[in-house]
Amino acid sequence: AGRLPAKHTESLEPIVQRMAETDKKGEVRAGAIMLLSEWGEDEYTDLYKAAMRDSSYKVAAAGILSYAMTEAPDINQRLAAFEKETNEEIVLALASYYAVKGGPGKYDWFMKQMKGAKGSGLYYLLQSYGAFMAVNPEAYKPEAISMLSEMAQNHPMYFVRMAAFQTLMVHSERPEIVGLLKEIRANEKDKRLLELYNQVSL
């Protein structure tokens with residue numbers, strides 16, 4: 001979403017803030033929080049902290065994402081408190097931050113989450129893990145490559161296989177990964193994926 005002209009933002013902000021704090025629907029509160037995070041920079045830090053304690057997972061996830069965009073010095077500490085959480089929305093909110101700012105120390109967390117994730121949650125988690133691998137070369141480990149290879153070849157959902165294939169492509173400069181990608185492509189039967197894979201130069 002693009003920024004509204006300042007005069008519109010100023011008139012809407014109090015309304016959106018009230019929705020973020022008091023609306024009965026979690027989805028509305030979460031959406032309002034995300035909107036404020038685009039407008040208010042660090043102005044609503046206390047609201048984001050309160051959102052992280054909300055009973056709605058959607059609101060808590062919005063609080064995590066919004067707080068992670070501030071300049072607060074305790075972001076890592078506050079987010080770490082959610083690392084044992086299994087709710088998909090919380091996991092994906094953490095993953096989007098850890099993908100670029102988590103550092104190599106989050107490798108084990110990502111591996112654990114990918115082993116437990118399912119369906120669309122696994123698809124989005126794989127996208128974050130691809131970004132994580134791109135900025136953390138230390139994440140290139142046999143265990144990770146083996147898991148991604150297994151998913152890319154054998155997961156029952158085609159879009160998860162595709163996400164695993166794309167994640168492996170992060171390391172397509174490595175000859176052994178090129179060989180693996182070629183093998184995955186050769187064994188794939190889904191026409192939708194083959195159409196995509198055949199556009200990739202390996």
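This report describes the largest pocket, a nonpolar surface patch and the salt bridges of a predicted model.

## The largest pocket

The largest pocket encloses about 230 Å³ of space. Its lining is made up of 14 residues, and those closest to the centre are Thr-86, Val-91, Gln-113, Gly-116 and Ala-117. Three elements give two or more residues each to this lining: helix H6 (88–101), helix H7 (107–116) and helix H8 (119–135).

Sorted by class, the lining of the largest pocket holds 6 charged residues, together with 4 polar and 4 nonpolar ones. As general background, a probe the size of a water molecule, rolled over the atoms, shows where empty space is left.

## A nonpolar patch on the surface

Leu-12, Ile-15 and Met-19 form a nonpolar patch on the surface of the model. Together, these three residues present about 220 Å² of accessible area.

Leu-12 belongs to helix H1, which covers residues 6–22. With a relative accessible area of 34%, Leu-12 is partly exposed; the value is over 30%, the cut-off for membership of a patch.

## Salt bridges: overview and a pair within one helix

Side chains of opposite charge can pair when their charged atoms come close. In the whole structure, a search finds 10 salt bridges.

One of them joins the side chains of Lys-49 and Asp-46, with an N to O distance of 3.7 Å. Both residues lie in helix H3 (residues 45–52), and because they are 3 residues apart there, about one helical turn separates them. Lys-49 is partly exposed at 21% relative accessibility, whereas Asp-46 is exposed, its relative accessible area being 57%.

## Salt bridges between helices

Lys-58 and Glu-89 meet through their side chains in a salt bridge of 3.3 Å, N to O. This pair links distant parts of the chain, with Lys-58 in helix H4 (residues 57–68) and Glu-89 in helix H6, 31 residues apart. Lys-58 counts as partly exposed, at 31% relative accessibility. Glu-89 is likewise partly exposed, with a relative accessibility of 31%.

A further salt bridge is formed by the side chains of Glu-143 and Lys-115, at 3.2 Å from N to O. Here too the pair links distant parts of the chain: Glu-143 is in helix H9 (residues 142–154) and Lys-115 is in helix H7, 28 residues apart. Glu-143 has a relative accessible area of 40% and is partly exposed, while Lys-115, at 56%, is exposed. Elsewhere, Glu-173, Arg-174 and Glu-176 are joined into one network by salt bridges that share partners.

## Val-100 and its separation from Glu-143

Val-100 is placed in helix H6, the helix that also holds Glu-89 of the salt bridge with Lys-58. Val-100 counts as exposed because its relative accessibility is 55%, and the term applies to values over 50%.

Between Val-100 and Glu-143 there are 21 Å in space, taken from C-alpha to C-alpha, and the two residues are 43 residues apart in sequence. Glu-143 is the residue of helix H9 that meets Lys-115 in a salt bridge.

Note on methods: Residues numbered from 1 in each chain as written. Predicted model: local features only at pLDDT ≥ 70, side-chain atom pairs only at ≥ 80, totals over all residues. Heavy atoms only, no water. 1 Å grid on protein atoms, 1.4 Å probe; cavity = no way out; pocket = protein on both sides within 12 Å on 5 of 7 lines; lining within 4 Å. Points joined across faces, edges and corners; volume = space filled by probe spheres on them. Helix = DSSP H or I, 4+ residues; strand = E, 2+ residues; numbered from the N terminus. Nonpolar A, V, L, I, M, F, W, Y, C, P; charged D, E, K, R; others polar. Patch = residues over 30% accessible without salt bridge, like charges linked within 9 Å, V, L, I, M, F, W, Y side chains within 5 Å. Areas by Shrake-Rupley, 256 points an atom, 1.4 Å probe, with all protein chains shown as cover. Salt bridge = Lys/Arg side-chain N within 4 Å of Asp/Glu carboxyl O. Buried < 20%, exposed > 50% of the residue type's maximum accessible area, 1.4 Å probe, protein only.
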